[in-house]
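Here are a few exercises to work through with the structure open beside you. Try each task before you read its solution.

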Amino acid sequence: MVKTTELLKSLVPITQFNRGQASRIFDRLHTEPQLIVLKNNQPSAVILSPMEYERLAEIEVEYNLLMEASRRLAQSVDKPTYSFSEVLSEFDISEQDLKAAEDVEFE
């Protein structure tokens, strides 16, 4: 949960951009994960640091993978399943072989 004080610190009136303070605002993203831009005292936009954006993007990817795995599990209820060790044994692969292998990115 975001604390109220943290939330208040992250508010940036849009007038600061109009006064040429954009550079100072963006510098804040080195220490703050996000800033909330206010227009007419209402949230209008959220500015994320690159690290925060990457963190959220990774969460989205992991969530989509989890949903796909859940969907596939639901579709294969009546089909046989195999444990990790059974698959390794079937293909004559050891855990050390896996650790020594290069990372592969799946899409």
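Keep in mind that this is a predicted model.

**Exercise 1. Sort the lining of the largest pocket into nonpolar, polar and charged residues.**

Start by finding the lining: Val61, Glu62, Leu65, Glu68, Ala69, Arg72, Leu73, Glu105, Phe106 and Glu107. Now sort them. You should get five nonpolar residues, five charged ones and no polar ones. As for the space itself, the largest pocket has a volume of about 300 Å³. Hang on to Glu68 and Arg72 from that lining, as they come back in Exercise 3.

**Exercise 2. Find out how Glu52 and Arg55 are paired, and how far apart they sit in their helix.**

First, a bit of background: side chains with opposite charges can pair when their charged atoms come close. Next, look at the two side chains: Glu52 and Arg55 form a salt bridge, at 2.9 Å from N to O. Then check the spacing. Both belong to helix H4 (residues 50-75), and because they are three residues apart there, about one helical turn separates them.

Last, are the two partners buried or exposed? Glu52 has a relative accessible area of 12%, so it's buried, since buried means under 20%. Arg55 comes in at 43%, so it counts as partly exposed.

**Exercise 3. Work out which residues are linked in a network of salt bridges.**

Go one bridge at a time; the structure holds four salt bridges. Arg71 and Glu68 meet in one, at 2.3 Å from N to O. They are three residues apart in helix H4, so about one helical turn lies between them. Glu68 also meets Arg72 in a salt bridge, this time at 2.8 Å, N to O. That pair is four residues apart in helix H4, which again means a separation of about one helical turn.

Put the pieces together, and the network is Glu68, Arg71 and Arg72.

Now add accessibility. Glu68 is partly exposed at 26%, and Arg71 is partly exposed too, at 39%. Arg72, at 51%, counts as exposed, because the cut-off for exposed is over 50%.

**Exercise 4. Locate Ile93 and say which surface patch it helps make.**

Begin with the chain: Ile93 lies in the loop between helix H5 (84-90) and helix H6 (95-100). With a relative accessibility of 36%, Ile93 counts as partly exposed. Then look at its partners. Together with Tyr82, Phe84, Val87, Phe91 and Leu98, Ile93 makes a nonpolar surface patch of about 640 Å².

Notes. Residues are numbered from 1 along each chain as its sequence is written. This is a predicted model: local features need pLDDT of at least 70, side-chain atom pairs count only at pLDDT 80 or more; totals for chains, interfaces and linings use all residues. Side-chain values use heavy atoms; hydrogens and water are left out. Patches are made of residues with over 30% relative accessible area and no salt bridge: like charges are joined within 9 Å, nonpolar side chains (Val, Leu, Ile, Met, Phe, Trp, Tyr) within 5 Å. Accessible areas come from the Shrake-Rupley method with a 1.4 Å probe; for residues, only the protein chains shown count as cover. Helices (H or I, at least four residues) and strands (E, at least two) are DSSP runs, numbered from the N terminus. Buried means under 20% relative accessible area, exposed over 50%, partly exposed in between (1.4 Å probe, protein chains only). On a 1 Å grid over the protein atoms alone, a cavity is a set of points where a 1.4 Å probe fits but cannot get out, and a pocket is an open set with protein on both sides within 12 Å along at least five of seven lines; lining residues have an atom within 4 Å of a point. Grid points are joined across faces, edges and corners, and a volume is the space filled by probe spheres set on the points. Ala, Val, Leu, Ile, Met, Phe, Trp, Tyr, Cys and Pro count as nonpolar, Asp, Glu, Lys and Arg as charged, and the others, Gly among them, as polar.
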